[in-house]
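User: Could you take me on a close look at one part of this model, the places where helices pack against each other, and show me how they fit into the rest of the chain? I am in my first year, so please go step by step.

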Amino acid sequence: MKKENGAGCSGSGWEQGGIQVVKEKNRGCKTYGWILYTQDESIRNRRYIEFYQAACPKYGMAIELVICEPAYLMTADATARLAELVRREQPAFAVNRTRSWQLAKMLEALGIRVYNNSMVAEIGNDKAKAYRYMQQHGIPILPTAYGVADIPVRFPVVVKSCGGHGGTEVFFIKNVSEWGVWKKDTYDKEKGYVVQQPASELGADLRVYVVGNRIAASVLRTSATDFRSNACLGGDIQLYELSVAQRQLVETIISKFDIAMAGVDFLFDHGQMVFNEIEDMAGARMLYALTDYDIVDDYVKYISRQL
């Protein structure tokens, strides 16, 4: 089963402040919810949204697209307007695909079940918070420094912005000279950064898909041309079978969370698997390209059981 993203956004909208509900269909189901995206991401993931809209009726639910921009959440009237929209629309649940833990927190305060919850969204979208959290729980990570005020003691290093995703805003810096160029030309003082020792095995990482706090599938990503192996950057993909020890590590990590659906990513260092990040807004293109497993259907079924 191969499913791909498309483009375009249909339906009429009912707008409340900086939030828009895109009315696709009549609900016709007793359990109604939202799938939340920014405008740009909703266009890029149009086909993926349709998977949710097709799966929900199988489990007695309906779901509608809600557009919300992160900047709107910073306005003074956002909470009141969101509360009014919730009162008017009465969603029972929300699938948050905006990467905003603040939005998840606001909805939770209004009594809405949010998938993923605000804790997963916060740690999954801030690398510094994720690494610190893993260190506190004894989970192996690469040697990590927080911030870029000081020149690294040794090179090479990998510099990552705390909020980057999909392999973006990740830089491999070989020496002091390249560090200076990066600080001058690329560094953004508005962003947080972490600096890590590179893994011994460059161009390889593992995505473990988690649904309902259980391991659903694992995909190995490799690249012969880039230290990053993300499929969206041209990396090769294949299904991967976890060893007993690797599965135990993944299960230890996910036991610290209540993950509805996410990707937990790992690097390989001297033969050992080490935590890299939680992708709160994990895409499923790799799974649909490699298997007949419908992760969206599985996820929607999990939500229906939760409700």
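Analyst: Of the 307 residues in the protein chain, 50% count as buried. Please keep in mind that this is a predicted model. The chain's secondary structure comes to eleven helices and 15 strands. If you take the contacts between residues at least 6 apart in sequence, 68% of them join residues at least 24 apart. That is a good background for helix packing, so let us go there now.

Start with helix H2, residues 46–55, and helix H11, residues 295–306. Their axes come within 9 Å and cross at roughly 50°. What do we call such an arrangement of H2 and H11? An angle between 35 and 65 degrees falls outside the ranges for roughly parallel and roughly perpendicular, and H2 and H11 are therefore oblique to each other. The crossing in which H2 passes H11 is right-handed.

Now look at the side that each helix offers. From H2 come Tyr48, Phe51, Tyr52 and Ala55, and they meet Val296, Asp297, Tyr299 and Val300 of H11. Sorted by class, this contact of H2 with H11 has seven nonpolar residues, one charged residue and no polar ones. Asp297 is the charged one, because Asp is counted in the charged class.

The second pair to visit is H4 with helix H5, where H5 covers residues 101–109. Here the axes are 10 Å apart and the packing angle is about 55°. That makes H4 oblique to H5. H4 passes H5 in a right-handed crossing. On the H4 side the contact is made by Ala78, Thr79, Leu82 and Val86, and on the H5 side by Leu103, Met106 and Leu107. By class, the contact of H4 with H5 has six nonpolar residues, one polar residue and no charged ones. The polar one is Thr79, because Thr is not listed among the nonpolar or charged residues.

Follow the chain out of H4 and you arrive at Gln90, in the loop between helix H4 (78–89) and strand E5 (93–96). What is special about the phi of Gln90? Its phi is positive, about 55°, although Gln90 is not a glycine. Most residues other than glycine have a negative phi, and most peptide bonds are trans. Is Gln90 buried or exposed? With a relative accessible area of 61%, Gln90 is over the 50% cut-off, so it counts as exposed.

You can compare this with Asn213, which sits in the loop between strand E11 (204–211) and strand E12 (214–222). Asn213 also has a positive phi, near 60°, and is a residue other than glycine. Asn213 is partly exposed, because its relative accessible area of 26% lies between the 20% and 50% cut-offs.

Two peptide bonds are worth a stop as well. Tyr115 and Asn116 are joined by a cis peptide bond, with omega about -5°. Asn116 is in the loop between strand E6 (113–115) and helix H6 (118–124). The bond from Phe155 to Pro156 is also cis, with omega near 0°. Pro156 has its place in the loop between strand E7 (144–146) and strand E8 (157–161).

Let us finish with some buried residues. Met286 is found in helix H10, residues 285–290. Met286 has a relative accessible area of 7%, so it is buried. Met286 and Asp236 are 50 residues apart in sequence, while their C-alpha atoms are 9.8 Å apart in space. Glu277 belongs to strand E15, residues 272–279. Glu277 is buried too, because its relative accessible area is 12%. Leaving aside residues up to four places away in sequence, Glu277 touches Lys127, Gly263, Val264 and Asp265.

Two cysteines complete the tour. Cys56 is buried, with a relative accessible area of 1%. Cys162, at 10% relative accessibility, counts as buried as well. How many disulfides does a search of the whole structure find? It finds zero. A disulfide is a covalent bond between the sulfur atoms of two cysteines.

Conventions. Residues numbered from 1 in each chain as written. Predicted model: local features only at pLDDT ≥ 70, side-chain atom pairs only at ≥ 80, totals over all residues. Heavy atoms only, no water. Axes fitted to C-alpha atoms, helices over the stretch in contact; angles between N-to-C directions. Helix = DSSP H or I, 4+ residues; strand = E, 2+ residues; numbered from the N terminus. Parallel < 35°, antiparallel > 145°, perpendicular 65-115°, else oblique. Left-handed = near helix turned anticlockwise from the far one by under 90°. Contact = heavy atoms within 4.5 Å. Buried < 20%, exposed > 50% of the residue type's maximum accessible area, 1.4 Å probe, protein only. Disulfide = S-S within 2.5 Å.
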